[in-house]
Amino acid sequence: MSKQKFYTSLQQEVARIDAAAVSKRHEHLIEGFTKEANPKAIIDGREISIFNSNDYLGLRHHPVLKAAEHKAGSELGTGPGAVRFISGSFAVHRELERKLAQFHGREDGMVFSSAFAANLAVIFSLIKGQSKDSLVSSDTLVISDELNHRSIIDGVRLGNLSSEAKLIFKHLQADSLEEMLLANKGKFKRVVVITDGVFSMLGEYQDLAKLRQVIDRHDGAYEEGILLIVDDCHGVAACGATGRGTEEITGGRADVLIGTLGKGFGADGGYVVADQVVIDYLRESAATYIYSNSISPGTAAAASAALDVLESAEGAKLLATLRSNVELLKEKLQAAGFAFAAPSTHPIQAVLIGDTAKTRDLTKAMYERGFLITNINYPVVPKGRDEIRVQLSATQTKEDVEAFVKAMQEEGKKLGII
Ligand SMILES: Cc1ncc(COP(=O)(O)O)c(C=O)c1O
């Protein structure tokens, strides 16, 4: 019964999290959706407008995706049956990988069960030693942006690198990366630079063109060069003239690009696209790809259909509507007296509240008014930078955005925020 002591420790940790009011396990339960083009969630029997989803193009309720998922599911079954190297890959998975590679202008791609799983395995595989004699991790320097996503941090952790081989550059500052590249010349054979494309707390972009210039300037100083890995989960199918995300916005190119199928693409799963040699190597080494199931055939078919929609005239229209929703929201919230935590042209807009209690109260009041938003509080953001994160979708109408701002204005006034 000594495990009771272990459980007591676990209980204490949960109590600590609850006392700090940062618990995540009491989420809303979505019972269903209404039937209109921009469906409301049904929660506790009430219809709630969603202003905090990553479904930027509204594709998860798209009839073409649903039909593709249904057809693949009924013909191929509901699950993959086994990992790919055991009983084989489905044609629909390979087709999706080819389409993703083509969409991003790369030689090949691989699909994972999630982008989290992709980051863990891709990063670990590219920074670890391949064998005792060849690539050894002590030859690799990893440099990461200080606000990278948790899945990147954990991928780097798996590499078990020494603290000298694991550096963090100042958020969005290419100069800080350059200083580190200069200071480490001659100490490592190769460098792996890793960053988010879009940072999800504030909707900011990493300037990939600037990073690329810095990398190109110092590439020759390292025997095996410098590799740039970008996780653009919030960028692809959300921003850029044709939905190609941060690369399209900034004009900089990643060597290895990781994305998710579970946000703008409206499906589920993660992927990586890169040069053929990188993908061939990853198919032999990425543990979460080799030893873990892929997404179901239905999900792969839905993601494949999402790419077709995105590449069509309808996709262009959805992206344009999303951009005008962003402009409208910013203009109206600013006119109402709200400020933003950072300048952003992305569908993530962080409204600066600056007070923890008021941020929570506003989220609650908006929920009572029928709007779902996310409050992000200290310690996730620095003290005094508490924010409401609003996320827009292409299926929201001008009237939806205006109704949202009206409620924000009324509740913000009541709480003394504006
Ligand atoms: C930057 C970034 N990377 C990776 C992920 C993980 O994506 P997935 O849900 O496909 O595992 C997320 C999702 O929160 C993310 O924001």
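These questions and answers go through a predicted model, taking its cysteines, its ligand and some of its strands.

Me: How many disulfides does the count come to?
Reply: A disulfide is a covalent bond between the sulfur atoms of two cysteines. To be counted here, the two sulfur atoms must lie within 2.5 Å. Cys233 has the sulfur of Cys239 as its nearest cysteine sulfur, and that is 12 Å away. The count of disulfides therefore comes to zero.

Me: Is Cys239 buried or exposed?
Reply: Cys239 is in no disulfide, but its surroundings can still be described. A residue counts as buried when its relative accessible area is under 20%. The relative accessible area of Cys239 is 5%. Cys239 is therefore buried.

Me: Is Cys233 buried or exposed?
Reply: The cut-off for buried is under 20% relative accessible area. Cys233 has a relative accessibility of 10%. Cys233 therefore counts as buried.

Me: Which residue has a polar side-chain atom 2.5 Å from a nitrogen atom of the ligand?
Reply: The residues surrounding the ligand include Asp231, Cys233, Thr260 and Lys263. Thr260 places a polar side-chain atom 2.7 Å from an oxygen atom of the ligand, and Lys263 places one 3.0 Å from an oxygen atom. The contact with a nitrogen atom, at 2.5 Å, comes from Asp231.

Me: What percentage of the area that the ligand exposes alone does the protein bury?
Reply: Polar side-chain atoms of Thr260 and Lys263 lie 2.7 Å and 3.0 Å from oxygen atoms of the ligand. Taken alone, the ligand exposes 390 Å². Of that area, the protein buries 81%.

Me: How many residues of the shell around the ligand are polar?
Reply: Ser114, Phe116 and Asp196 are among the residues that surround the ligand. Three residues of the shell are nonpolar and three are charged. The number that are polar is six.

Me: Why is strand E10 largely enclosed by the rest of the structure?
Reply: Strand E10 covers residues 226–231 and has six residues. A residue is buried when its relative accessible area is under 20%. Strand E10 is largely enclosed because the number of its residues that are buried is five of the six.

Me: Which residue in E10 is the bridge partner of Thr195?
Reply: Strand E7 (residues 190–196) runs parallel to E10, and six bridges join them. E10 also pairs with strand E11 (residues 256–260) in the parallel sense, over three bridges. In that second pairing, Ile229 stands opposite Val256 in E11. The bridge partner of Thr195 in E10 is Val230.

Terms used:
Residues are numbered from 1 along each chain as its sequence is written. This is a predicted model: local features need pLDDT of at least 70, side-chain atom pairs count only at pLDDT 80 or more; totals for chains, interfaces and linings use all residues. Side-chain values use heavy atoms; hydrogens and water are left out. Buried means under 20% relative accessible area, exposed over 50%, partly exposed in between (1.4 Å probe, protein chains only). A residue is near a molecule or strand if one of its heavy atoms lies within 4 Å of it. A polar contact is a pair of N or O atoms within 3.5 Å; within protein, one must be able to donate a hydrogen and the other to accept it, and residues adjacent in sequence count only if both atoms are side-chain atoms. Accessible areas come from the Shrake-Rupley method with a 1.4 Å probe; for residues, only the protein chains shown count as cover. Ala, Val, Leu, Ile, Met, Phe, Trp, Tyr, Cys and Pro count as nonpolar, Asp, Glu, Lys and Arg as charged, and the others, Gly among them, as polar. Helices (H or I, at least four residues) and strands (E, at least two) are DSSP runs, numbered from the N terminus. Two strands pair if DSSP finds at least two bridges between them.
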